[in-house]
Amino acid sequence: MRKIILLIICIFSISVFSQIKVLKNESLVEIGKDNSVGLYKKDDKFTINYQDLNTSNLNTIRSFSFQNLNGDVTGLYKLITDGFTNVPDENIILELPNDIIELHYERNYGQQTVQFIQVINKNRKYIGKSQFLTQKQVEKVFGRTNGKFAMYEKPAAINNNGSNKAGNNTGSGAGNGKKSKK
């Protein structure tokens with residue numbers, strides 16, 4: 001009888017003090033992807049993932065995220081595509097809550113291209129660079145070729161207490177060079 005009670009206690013203690021937990025699967029939706037650059041969405045947070053070409057390890061994937069306040073995703077897309085027609089003299093600098101992003105335009109093989117340069121944690125010692133993207137590739141990343149750009153605005157309209165979150169901020173974050181925090 002003691003062995004059975006001891007066995008039950010051991011089984012119970014193993015299940016109580018286990019180190020592995022099953023977590024809820026987060027719903028991450030791919031908006032668009034081309035080669036090593038992709039745009040993903042979770043709730044109202046958008047993330048751009050890219051393979052960092054600035055490191056010796058080619059398997060380094062970096063990302064930066066921002067909220068879609070006042071249509072910032074559409075504003076960023078417009079800012080990038082406007083740079084293809086009216087090429088800026090210098091890099092366009094965008095400030096996010098955690099990072100600084102520079103849009104670097106350059107002509108490669110006769111085509112105008114753009115590159116994301118990320119100042120990680122706003123520390124100039126840590127810089128990540130994406131591949132150069134043509135306008136067609138940017139359209140693919142932002143979901144313009146597959147129709148997923150319609151997902152930009154869907155769940156962002158109303159938050160839990162029924163008020164419109166986007167109405168608390170003025171101006172598009174991508175248009176004025178700064179991204180806003182929630």
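**Note on the predicted model: salt bridges, core and local features**

1. Five salt bridges are present in the structure. The model under review is a predicted one, and three of these pairs are discussed below before the core, helix α2, the surface patch and two backbone angles are considered.

2. One salt bridge joins the side chains of Asp52 and Arg62, with an N to O distance of 2.7 Å. This pair connects distant parts of the chain: Asp52 belongs to the loop between β3 and β4, Arg62 to strand β4, and ten residues separate them. The two partners differ in exposure class. Asp52 has a relative accessibility of 0% and therefore counts as buried, whereas Arg62, at 27%, counts as partly exposed.

3. A second pair is formed by Glu95 and Lys122, whose closest N and O atoms lie 2.8 Å apart. Here too distant parts of the chain are linked, since Glu95 sits in strand β5 and Lys122 in the loop between β7 and β8 (127-129), 27 residues apart. Glu95 is partly exposed, at a relative accessible area of 29%; Lys122 is likewise partly exposed, at 36%.

4. Glu102 and Arg124 make a further salt bridge, the closest N and O atoms being 3.1 Å apart. The link runs from strand β6, which holds Glu102, to the loop between β7 and β8, which holds Arg124, across 22 residues of sequence. Glu102 has 10% relative accessibility; the limit for a buried residue is under 20%, so Glu102 falls in that class. As general background, side chains of opposite charge can pair when their charged atoms come close.

5. The largest nonpolar core contains 26 residues, and the members touching the most others are Leu39, Ile48, Ile80, Leu103, Phe116 and Phe142. At least two core residues come from each of β2 (37-42), β3 (45-51), β4 (61-67), α2 (72-85), β5 (92-95), β6 (100-108), β7 (111-119) and α3 (135-141). The largest share, five residues, is supplied by α2.

6. Leu39 illustrates how this core draws on separate stretches of sequence. Neighbours within four places aside, Leu39 is in contact with Val29, Glu30, Ile31, Gly32, Phe46, Thr47, Ile48, Val73, Val141, Phe142 and Tyr152. One of these partners, Ile48, is itself listed with Leu39 among the core members that touch the most others.

7. Helix α2 merits a separate check of its geometry. With 14 residues at 1.5 Å a residue, a span of 20 Å is expected, and the end C-alpha atoms are indeed 20 Å apart, so the two values agree. Its buried residues are Asp72, Val73, Gly75, Leu76, Tyr77, Ile80, Thr81, Gly83 and Phe84. In general, residues three or four places apart in an α-helix point the same way, because there are 3.6 residues a turn.

8. A nonpolar patch lies on the surface, made of Met1, Ile5 and Ile9, which together have about 350 Å² of accessible area. Met1 is placed in the segment before α1 (2-16). With a relative accessible area of 76%, Met1 is classed as exposed.

9. Two asparagines deserve attention for their backbone angles. Asn35, although not a glycine, has a positive phi of about 55°; Asn121, also not a glycine, has a positive phi of about 55°. Most residues other than glycine have a negative phi. Asn35 lies in the loop between β1 (29-34) and β2, and Asn121 in the loop between β7 and β8. Asn35 is exposed, with a relative accessible area of 57%, and Asn121 is exposed, with a value of 57%.

Conventions: Residues are numbered from 1 along each chain as its sequence is written. This is a predicted model: local features need pLDDT of at least 70, side-chain atom pairs count only at pLDDT 80 or more; totals for chains, interfaces and linings use all residues. Side-chain values use heavy atoms; hydrogens and water are left out. A nonpolar core is a set of buried Ala, Val, Leu, Ile, Met, Phe, Trp, Tyr and Cys residues joined through side-chain atoms within 4.5 Å. Buried means under 20% relative accessible area, exposed over 50%, partly exposed in between (1.4 Å probe, protein chains only). Helices (H or I, at least four residues) and strands (E, at least two) are DSSP runs, numbered from the N terminus. Contact means heavy atoms within 4.5 Å. Patches are made of residues with over 30% relative accessible area and no salt bridge: like charges are joined within 9 Å, nonpolar side chains (Val, Leu, Ile, Met, Phe, Trp, Tyr) within 5 Å. Accessible areas come from the Shrake-Rupley method with a 1.4 Å probe; for residues, only the protein chains shown count as cover. A salt bridge is a side-chain nitrogen of Lys or Arg within 4 Å of a carboxyl oxygen of Asp or Glu. The expected span of a helix is 1.5 Å times one less than its number of residues.
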